[in-house]
Amino acid sequence: MSDSAHEPAHAAISDFLSEERRFPPPEGFAEGAVVSDRSLYERAEADPEGFWAEQAGSLEWFQKWHTVLEWELPNARWFVGGTLNVSVNCLDRHVAAGLGERVAYYFEGEPGDTRTISYAELLADVERFANVLKGLGVRRGDRVAIYMPMIPELPVAMLACTRIGAAHSVVFGGFSPDALRDRINDAAAKVLITADGGWRRGAVVALKENADAAVAGAPSIEHVVVARRTGDADGPTPMTEGRDEWWDDLMAGADPSCEPEQMEAEDLLYLLYTSGTTAKPKGIMHSTGGYLTQVAFTHRAVFDVHPESDVYWCAADIGWVTGHSYIVYGPLANGTSSVLYEGTPDFPDKDRWWDIIERYRVSILYCAPTAIRTFMKWGAEYPDGHDLSSLRVLGSVGEPINPEAWTWYWQTIGGGKCPVVDTWWQTETGAIMIAPLPAVTTCKPGSATFALPGISAELVDDAGEVVERGGGYLTLTRPWPAMLRGLYQDPERYRETYWSRFEGRYFAGDGAKLDEEGYLWLLGRVDDVMNVSGHRISTTEVESSLVDHPSVAEAAVVGAKDETTGQAIIAFVTLRGGQEHTSERGEDLRRHVAKLIGPIARPKTVIFTDELPKTRSGKIMRRLLKDVAEGRDLGDTTTLADPLVVEEIRRLSSQQPTEE
Ligand code: WTA
């Protein structure tokens with residue numbers, strides 16, 4: 001970034017924060033923009049199905065659909081009768097159009113190694129690996145589990161599944177063996193694709209060892225494919241004869257060409273497990289034609305992508321939905337050149353991101369508010385001295401972005417010339433639902449603004465009445481192409497979770513507010529789901545892993561407001577008789593949760609208490625605990641069985657040391 005753009009940033013932020021402050025699209029931005037005026041909203045509103053059919057028309061189909069939408073709540077079928085292949089849309093058609101030399105991924109490994117992969121090369125790898133999977137017995141309709149670091153083999157594995165019509169289930173590499181095992185078993189996956197290890201802040205994450213521990217309890221797995229990443233850096237990789245194969249060895253022996261399967265639009269493309277309000281993660285099902293249609297459209301429109309000139313970087317992990325839709329499927333369907341980065345923002349130093357942006361001339365950056373707030377904390381030294389002038393559009397996702405962070409992003413990173421698009425969506429929605437269009441929308445810092453063309457969002461109150469202004473529950477009033485097609489093998493839970501609370505509506509689980517001008521402001525979850533650094537974690541899941549520990553009698557977990565990570569996990573724990581409340585015990589419990597679920601679920605603080613606040617009917621009052629954790633007034637506690645309990649907890653929590 002040039003000094004002149006950087007200079008005024010810190011001083012000026014407070015000036016930007018007044019309620020009245022508006023951020024219209026930067027001058028000249030509308031020229032040549034993907035969406036350059038508001039007529040698209042009107043067209044889509046007048047005929048939503050026609051609008052989505054038009055978007056689907058920009059994909060390549062073997063056979064065109066005969067019906068755009070069949071809708072019988074809660075089941076939608078989009079582009080019925082149409083057949084297509086996702087890998088063909090992401091790869092073959094670009095190569096056939098003469099774009100084989102275009103870069104698909106600029107891979108940047110954490111240790112600093114780089115690889116540039118063109119569309120033609122990516123296609124060649126995908127075809128080969130598709131044949132590898134076939135050779136291991138994977139057939140159309142099977143499920144394949146993937147547990148990998150952020151290396152190019154990960155998108156290759158996903159696309160190879162799509163080529164042969166197998167559904168993938170990617171499990172984030174930070175998850176524990178137990179979490180991986182449960183997901184494999186729920187999907188009855190035949191093959192697991194992993195790596196020897198992944199790099200994380202200079203250390204090796206022992207993926208293969210975790211995979212082995214998971215597979216020991218996952219009888220459906222017939223083969224494990226292991227990509228080489230960390231080599232023998234942390235000792236030799238254990239390989240089980242007859243079950244485990246090295247990626248390279250299999251690729252060397254594989255046939256180079258693989259005919260794509262002609263898939264029905266409604267065929268299962270992938271499963272992705274996400275935390276809900278119970279301890280059991282939900283297998284979200286995504287389909288082929290509708291999903292690809294909406295991720296391709298939203299990627300193009302929301303980030304104003306010009307594939308011939310943009311360099312796009314979504315700094316998420318492919319293990320989450322953001323990576324599925326906006327590192328793999330959306331960008332590739334649009335023929336975009338993307339950065340794929342393996343590591344963290346602070347390794348080997350705090351210049352890493354700005355160095356990447358400068359070196360690859362990144363023009364579109366998409367990341368989470370937690371990252372932005374972390375950078376703000378690092379202070380004015382960063383990104384000083386880096387040329388960020390290539391940036392054109394900045395995106396935010398995963399959690400509400402506070403106005404301060406939005407404005408810092410706009411000013412310090414974007415130099416005041418890049419639209420900031422705050423994008424609201426969920427694993428279940430598959431694609432972005434609420435966001436500005438960069439050449440069209442005047443933004444307010446902290447607001448995700450409006451539902452995109454073709455999408456209809458409304459707020460309702462407890463009784464399900466529509467709220468025109470003020471706070472309410474966020475609902476979606478009609479089906480959209482990328483919507484989840486259900487929960488894997490659990491249709492009842494699907495209806496119950498999303499379509500039963502408010503008649504005829506999809507209930508997102510988020511609270512939101514509509515201001516006087518109709519701008520939407522997301523306020524966070526209203527259920528027992530926490531959001532830590534943009535990652536969804538279920539309070540119940542963390543509670544079950546705490547009570548799994550032999551010393552714990554009872555546990556209640558809440559997400560408390562946190563300056564950097566949005567929310568932090570605070571655990572209130574009652575130990576079994578005779579156990580001491582020591583800080584070692586607290587540390588032990590935090591480790592236990594990390595071991596059972598993964599490091600992201602590790603509580604920030606464990607507070608020991610002899611009793612938890614309960615209603616007279618015995619229900620734990622989490623709301624009160626949240627108030628305690630956030631230092632709020634407790635209000636009316638008369639429904640409590642023993643009101644003194646919270647006072648005691650409040651006293652204890654104010655004494656409790658926290659992590660860091
Ligand atoms: C939250 C991530 C405010 C929200 C794509 C939602 C957001 C949950 C935003 C889904 C945003 C996501 N503003 N909140 N722009 N984006 N959320 O499934 O609570 O990991 O319900 O999908 O994240 O998280 P998920």
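**Ligand surroundings and helix α19**

In the predicted model, a polar backbone atom of Pro 400 lies 3.5 Å from a nitrogen atom of the ligand, where a polar contact is a pair of N or O atoms within 3.5 Å. The side chain of Gln 426 places an N or O atom 2.9 Å from an oxygen atom of the ligand. For Thr 427, the distance between a side-chain N or O atom and an oxygen atom of the ligand is 2.5 Å. On its own, the ligand has 530 Å² of accessible area (Shrake-Rupley method, 1.4 Å probe), of which the protein covers 97%. Two or more residues of the shell are given by each of α12 (321–333), β20 (420–423) and β25 (520–525); helices (H or I, at least four residues) and strands (E, at least two) are DSSP runs numbered from the N terminus.

The ligand is surrounded by 17 residues, each with a heavy atom within 4 Å of the ligand. Those that come nearest are Asp 422, Thr 423, Thr 427, Asp 510 and Arg 525. By class, the shell comprises six nonpolar, six polar and five charged residues, with Asp, Glu, Lys and Arg counted as charged, and Gly among the polar ones.

Helix α19 spans residues 622–629, and Leu 624, Leu 625, Asp 627 and Val 628 in this helix are buried (under 20% relative accessible area, 1.4 Å probe, protein chains only). These residues lie on the same side of α19 because they cover an arc of only 155° around the axis, taken from the directions from the helix axis to the C-beta atoms. Gly 631, which follows α19, has a positive phi near 70°.

Residues are numbered from 1 along each chain as its sequence is written, and side-chain values use heavy atoms, leaving out hydrogens and water. As the model is predicted, local features need pLDDT of at least 70 and side-chain atom pairs count only at pLDDT 80 or more, while totals for chains, interfaces and linings use all residues.

How values were computed:
Polar contact = N/O pair within 3.5 Å; in protein donor to acceptor, adjacent residues only side chain to side chain. Buried < 20%, exposed > 50% of the residue type's maximum accessible area, 1.4 Å probe, protein only.
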